[in-house]
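This report looks at how a ligand is held and how the nonpolar interior is arranged.

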Amino acid sequence: MPQQVIRKNSDDWELIPNLLDYDAAREHFSWEHELEMLDGLPGGGLNIAHEAVDRHAADERHNHLALRWLDRNGRATDFTYGDLCALTNRFANVLRDLGVAKGDRVFGLSERVPELYITALGALKNGSVFCPLFSAFGPEPLRSRLSIGEARVLMTTESLYQRKVAPLRDSLPHLQYVLLVRDKTDAECPHGTLDFRALLQSAAESFTIENTDPEDPALLHFTSGTTGKPKGALHVHEAVLAHHASARLALDLHPQDVFWCTADPGWVTGTSYGIIAPLVIGATMIVDREEFDPERWYGILRDQHVSVWYTAPTAVRMMMKHGSALARQFELPALRFMASVGEPLNPEAVRWGEEAFGLPFHDNWWQTETGGIMIANYLSQPVRPGSMGRPLPGIEAAIVSAGDDGKLEVITEAGREGELALKRGWPSMFRTYLYEEARYQKCFRDGWYLTGDLARCDEDGYFWFVGRADDVIKSSGHLIGPFEVESALMEHPAVAEAAVIGIPDPVAGEIVKGFVSLRPDVDATSKAAVETLRREILALARKRLGPAVAPRQIQVENDLPRTRSGKIMRRLLKARELGLPEGDTSTLEGKE
Ligand code: ATP
Ligand code: MG
């Protein structure tokens with residue numbers, strides 16, 4: 001692979017923000033215009049992989065660096081758009097030669113290795129549906145997802161196969177082909193598997209993309225399982241319009257950018273923005289094989305001249321644990337925009353970004369179901385710490401409430417809480433929950449998609465997250481959103497993470513209980529020290545929130561339970577607190 005120097009974001013680049021004036025951008029936006037910015041297939045169809053790879057490979061971006069992959073030791077392997085085009089053509093031919101058809105499901109289960117990216121894009125070229133799985137899943141979550149998704153092909157590594165998939169093989173009748181990425185090729189492939197790299201090498205390098213229709217299924221994503229059993233959300237090729245629009249407008253991605261999305265492709269963020277969106281823009285994307293480590297991450301930002309960085313609150317909180325002084329040791333002149341998604345981003349974290357990097361984190365909101373960013377803080381607009389921002393041009397969002405007659409009322413009054421809803425019909429809207437059509441239909445009412453999140457909207461149209469509908473606490477007639485309480489707890493300098501739940505109370509209905517974990521440098525060696533801290537945190541919360549909303553109880557924990565995508569699982573804290581069954585824990589971190 002040719003090694004390329006990534007040009008630094010220096011004076012010879014005058015980047016004009018893609019969104020300068022929010023109101024004007026909304027007014028002039030249309031999905032038709034977004035489509036015009038893309039290529040389309042010669043036969044009139046639309047295919048995500050064509051827009052992400054082939055159209056750049058066919059023009060002057062052929063030799064532009066598309067993907068820089070960093071191995072364990074930080075060594076880079078580079079892929080230009082031309083390289084990616086050839087490799088994904090080869091993989092599409094592998095599938096076609098095996099008889100894998102349009103609509104068949106191709107799953108990926110691996111660490112972040114280049115073959116995973118080749119699989120995703122090659123499968124899309126073949127018209128197959130790509131479904132990523134998180135490599136740390138244990139056998140049961142893998143079995144249920146492979147079986148619900150009727151996986152016909154699985155790309156995985158030899159060690160993951162031996163440890164996790166081989167014992168399940170008999171219970172997966174649909175799984176016809178397992179393609180193994182192997183470190184050692186001297187021995188035979190295990191029974192019932194094929195060698196990924198050997199197949200790729202012997203496949204032809206030219207391929208005519210399947211003429212997919214915008215409505216043809218492209219991606220299957222299982223939700224994070226924060227609130228219960230994960231659901232399989234199905235997306236179509238038309239979603240690429242939303243990937244393009246949101247990358248341009250919410251992440252301000254330009255073709256000159258070096259973009260790093262830290263999410264694993266096992267989750268929707270790692271596919272929509274860790275594979276598709278930066279390529280659709282024609283930018284360079286960084287993929288790191290390794291997991292979070294603050295010094296490694298700051299080193300990547302510096303050495304790879306990352307200009308746009310997309311990460312998650314859980315990572316921000318971990319960086320905060322290590323302090324801003326460490327971050328400040330790294331000079332990052334190329335870094336110009338930082339964004340975060342996945343959980344509420346506490347105002348404290350936004351401000352910490354400014355302290356550590358000289359830039360705020362821009363929070364944005366979306367879900368597996370929405371396929372792409374729906375609400376965002378934009379580069380050219382001031383960040384409102386604690387707010388998710390304003391709807392992407394082309395997206396209509398509202399706060400709604402279901403009236404007694406079952407009709408939906410759109411709340412126009414600023415500041416009133418209700419359910420966050422989106423006007424149905426945007427391109428990356430999920431088209432079904434796989435084999436749960438009734439559940440899918442229940443998400444829609446009167447032309448609105450109901451998100452299951454509670455929020456409010458201020459007089460300037462900024463949306464503020466209150467909590468998931470399931471997590472909201474009802475205490476003495478008040479509706480209390482966990483986010484607000486958690487943000488107040490986070491203001492205490494000793495608190496690293498916070499989660500609050502409601503626990504039943506005979507008088508108040510529910511009372512608020514907070515769980516906190518402490519920063520590593522905090523003295524928590526003696527019971528007395530922890531007790532003093534606990535009281536201090538309680539007092540701060542009372543002062544900030546008032547006694548009606550502040551937690552009555554605070555419990556200090558070493559760590560809080562979270563999903564593998566980094567979301568705190570309040571339902572698990574609640575089940576444990578109340579001695580109830582823990583429910584589906586397939587996505588719980590630390591469990592295999
Ligand atoms: P499940 O649906 O299986 O319970 P999940 O909702 O966590 O899991 P995802 O689709 O990965 O699965 O996450 C979307 C949810 O994450 C949103 O509905 C919202 O609750 C939360 N979220 C995402 N971004 C933000 C944000 N910026 N602020 C607040 N919450 C966010
Ligand atoms: Mg959800």
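## Surroundings of the ligand

In this predicted model, ligand 1 is surrounded by 22 residues, the closest of which are Thr-223, Gly-225, Thr-226, Thr-227 and Thr-368. Sorted by residue class, this shell comprises six nonpolar, nine polar and seven charged residues. The strands β14 (361-365) and β23 (463-468) each contribute at least two residues to the shell, and β14 gives the most, with three residues.

## Polar contacts and burial

Three side chains place N or O atoms within polar-contact distance, that is within 3.5 Å, of oxygen atoms of ligand 1. For Thr-223 the separation between a side-chain N or O atom and a ligand oxygen is 2.7 Å, for Gln-367 the corresponding value is 2.8 Å, and for Lys-231 a polar side-chain atom lies 3.1 Å from an oxygen atom of the ligand. Of the 630 Å² that ligand 1 exposes when taken alone, the protein buries 96%.

## Nonpolar cores

In soluble globular proteins, nonpolar side chains tend to be buried together. Here the largest nonpolar core has 101 residues, and those with the most contacts inside it are Leu-251, Tyr-273, Leu-279, Tyr-310, Trp-366, Leu-420 and Phe-430. Apart from this core lies another, of 29 residues, which includes Leu-70, Ala-315, Leu-359 and Val-383.

For Leu-420, once its neighbours within four places in sequence are left aside, the contacts include Trp-365, Ile-375, Met-388, Ile-399, Tyr-449, Leu-450 and Phe-463. Thr-451 and Asp-453 are also among the residues in contact with Leu-420.

Terms used:
Residues are numbered from 1 along each chain as its sequence is written. Chains are lettered from A and ligands numbered from 1 in the order in which they are written. This is a predicted model: local features need pLDDT of at least 70, side-chain atom pairs count only at pLDDT 80 or more; totals for chains, interfaces and linings use all residues. Side-chain values use heavy atoms; hydrogens and water are left out. A residue is near a molecule or strand if one of its heavy atoms lies within 4 Å of it. A polar contact is a pair of N or O atoms within 3.5 Å; within protein, one must be able to donate a hydrogen and the other to accept it, and residues adjacent in sequence count only if both atoms are side-chain atoms. Accessible areas come from the Shrake-Rupley method with a 1.4 Å probe; for residues, only the protein chains shown count as cover. Helices (H or I, at least four residues) and strands (E, at least two) are DSSP runs, numbered from the N terminus. Ala, Val, Leu, Ile, Met, Phe, Trp, Tyr, Cys and Pro count as nonpolar, Asp, Glu, Lys and Arg as charged, and the others, Gly among them, as polar. A nonpolar core is a set of buried Ala, Val, Leu, Ile, Met, Phe, Trp, Tyr and Cys residues joined through side-chain atoms within 4.5 Å. Buried means under 20% relative accessible area, exposed over 50%, partly exposed in between (1.4 Å probe, protein chains only). Contact means heavy atoms within 4.5 Å.
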